[in-house]
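Q: Please take a close look at one part of this model, one strand and its surroundings, and set out carefully how that part is paired and how it is placed.

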Amino acid sequence: MMNDSLTPGEYIHYKGGTYTVLLVAKDSTNEREGTAVVVYKSHSNGETYCRDLAEFVEPVEWPDGSTKGRFVPAE
């Protein structure tokens, strides 16, 4: 079972761009009730987004050929 927590802070997307994770919330729509979603804000345009937690952390191939999460903590 996936942990529904994610540490707030800065993350980098595999295609580029830096984002601030604000929080993890539970979707309350009837068909998706309880699905964990990540709420995050773009540093480039200031817009706020949400994405399923499972998709946020799923492994993808990065431009350097390595496999890491779609978003990784900024160092």
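A: What follows describes one strand, its partners and the sheet around it.

The model is predicted, so local features need pLDDT of at least 70 and side-chain atom pairs count only at pLDDT 80 or more, while totals for chains, interfaces and linings use all residues. Residues are numbered from 1 along each chain as its sequence is written, and side-chain values use heavy atoms, with hydrogens and water left out.

The strand in question is β3, residues 36-42, where strands are DSSP runs (E, at least two residues) numbered from the N terminus. It belongs to an open sheet of five strands, ordered β4-β3-β2-β1-β7 with antiparallel pairing, and two strands count as paired if DSSP finds at least two bridges between them. At the edges of this sheet stand β4 (48-52) and β7 (71-73), each with a single partner strand, so one side of each is left without a neighbour in the sheet. Neighbouring strands are turned by 45° against each other on average, direction ignored, the axes being lines fitted to C-alpha atoms, with angles running from 0 to 180 degrees between N-to-C directions.

On one side, seven bridges join β3 to the antiparallel strand β2 (residues 18-26); Val 21 has Tyr 40 as its bridge partner, and Thr 20 stands opposite Lys 41. With β4, which also runs antiparallel to it, β3 shares five bridges, and here Val 37 stands opposite Asp 52. The hairpin of β3 and β4 has five residues between the strands, and in this hairpin Gly 46 takes a positive phi near 75°.

Six of the seven residues of β3 are buried, so the strand is largely enclosed by the rest of the structure; buried means under 20% relative accessible area, with a 1.4 Å probe and protein chains only.

Technical notes: Helix = DSSP H or I, 4+ residues; strand = E, 2+ residues; numbered from the N terminus. Buried < 20%, exposed > 50% of the residue type's maximum accessible area, 1.4 Å probe, protein only.
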